[in-house]
Amino acid sequence: MKRFWIVCLWMGFALFCIPIQSQETKRPMVVLDPGHGGVDTGAIGVNGIKEKDIVLEVAKEAIQLNKELFRNTLNIYLTRYKDTLISLSDRTSLVKALQPDVFISIHCNQAKRKTAQGIEVYVQQPNSNTDFDLQSKSENLSDAILSEFDMALGFKIGGMKYANFQVLRDTQYVCPGVLLEVGFLSNWEEAEHSRKKEGVVGFAMAVLQVLYQNFKLQG
Ligand SMILES: [Zn+2]
């Protein structure tokens, strides 16, 4: 009889766990990669702000908004949570280990020409070994990000570009991935926008909106 109750208890526990487990596996996983960190400041803004700080704030804000406004619908991981320098290969190793549904590296832009403005999104340059299914998903993601930053935030759109960045090259067979440059720190107007809390929240919100649309989730 004792064994009967143990079996009942075990089955009850197993049934209780199933919905939690299946709900968990349904949450799309996203890795956000705030560029630079630690001694590597990235670009320094004309107003003194540092790229490494802005991109970390954007990534952390995305986690916060996903929790507060979207019931934690996405399972978001960051490649760094603090002001520390993580090597590019450690970042891509994490992506390979986690096998997320989407990877987005976040950076700020800079140019010698102080009037250069806008959003740029980079996709891995296609090559003879390109997985064209993942490639087209990355390009669609890039288009969606560009139109969201244009329509929702009114940013000038620099367009999608191809590049051979290590973070994209080493993760190109894992999942769709893009490298996003959220404005030019060499431009006064955009550097000031990035310095403000509402600027950071706007960037994070735009990225989240694109991800929710990408996974066809209800916000
Ligand atoms: Zn950068």
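S194 is buried, since its relative accessible area is 1%; buried means under 20% relative accessible area, exposed over 50%, partly exposed in between (1.4 Å probe, protein chains only). The model is predicted: local features need pLDDT of at least 70, side-chain atom pairs count only at pLDDT 80 or more, and totals for chains, interfaces and linings use all residues. Residues are numbered from 1 along each chain as its sequence is written, and side-chain values use heavy atoms, with hydrogens and water left out.

**Exercise 1. Place S194**

Find the helix that holds S194, then list the residues that S194 touches beyond four places in sequence.

Step 1. S194 sits in helix α6, residues 188–195. Helices (H or I, at least four residues) and strands (E, at least two) are DSSP runs, numbered from the N terminus.

Step 2. Apply the contact cut-off: heavy atoms within 4.5 Å. With residues up to four places away set aside, S194 touches I49, I54, V182, L185, V200 and F203.

**Exercise 2. Describe the whole chain**

Count the helices and strands, give their order, and state what share of the residues is buried.

Step 1. The protein has seven helices and six strands.

Step 2. Along the sequence the pattern reads α-β-α-β-α-β-β-α-β-α-β-α-α.

Step 3. Of 219 residues, 46% count as buried.

Step 4. Turn to the surface. The accessible surface is about 11600 Å², and 57% of that belongs to carbon and sulfur atoms. The method is Shrake-Rupley with a 1.4 Å probe; for residues, only the protein chains shown count as cover.

Step 5. Check the sequence range of the contacts. Take pairs of residues at least 6 apart in sequence: 81% of their contacts join residues at least 24 apart.

**Exercise 3. Pack α6 and α2 against α7**

Work out how α6 and α2 are oriented to α7.

Step 1. Two packed helices are described by the angle between their axes and the distance between the axes. Axes are lines fitted to C-alpha atoms, for helices over the stretch in contact, and angles run from 0 to 180 degrees between N-to-C directions.

Step 2. The α6 and α7 axes come within 4 Å and cross at roughly 85°. So α6 is roughly perpendicular to α7. The classes are: under 35 degrees roughly parallel, over 145 roughly antiparallel, 65 to 115 roughly perpendicular, and the rest oblique.

Step 3. List the α6 side of the contact: H193, S194 and R195. They meet K197, G199, V200 and F203 in α7. By class, this contact of α6 with α7 has two nonpolar, three polar and two charged residues. Here Ala, Val, Leu, Ile, Met, Phe, Trp, Tyr, Cys and Pro count as nonpolar, Asp, Glu, Lys and Arg as charged, and the others, Gly among them, as polar.

Step 4. Now take α2 (residues 51–68) and α7 (residues 197–214). Their axes come within 8 Å and cross at roughly 60°. Therefore α2 is oblique to α7.

Step 5. The α2 residues E57, V58, E61, A62, L65 and N66 meet K197, V200, V201, F203, A204, M205, L208 and Y212 of α7. The contact of α2 with α7 divides into ten nonpolar, one polar and three charged residues.

**Exercise 4. Follow α4 to V210**

Which residues form the contact of α4 with α7, and is V210 buried or exposed?

Step 1. Helix α4 covers residues 132–151, and its axis comes within 9 Å of the α7 axis, crossing at roughly 135°. The two helices are therefore oblique to each other.

Step 2. From α4 come L141, A144, I145, E148 and F149; from α7 come F203, A206, V207, Q209, V210, Q213 and N214. These split into eight nonpolar, three polar and one charged.

Step 3. V210 belongs to α7 and is buried, at 1% relative accessible area. Beyond four places in sequence, V210 contacts L141, A144, I145 and E148. V210 and D143 are 67 residues apart along the chain; their C-alpha atoms are 9.7 Å apart.

**Exercise 5. Contrast a strand with a loop**

Classify C108 and R71 as buried or exposed.

Step 1. C108 is in strand β3 and counts as buried at 5% relative accessibility. Its contacts beyond four places are E51, I54, V55, E181, V182, G183 and L185.

Step 2. R71 is in the loop between α2 and β2 (75–78) and counts as exposed at 63%.

Step 3. Check the backbone. R71 is not a glycine, yet has a positive phi of about 50°. Q99, in the loop between α3 (88–98) and β3 (102–109), also has a positive phi of about 50° without being a glycine.
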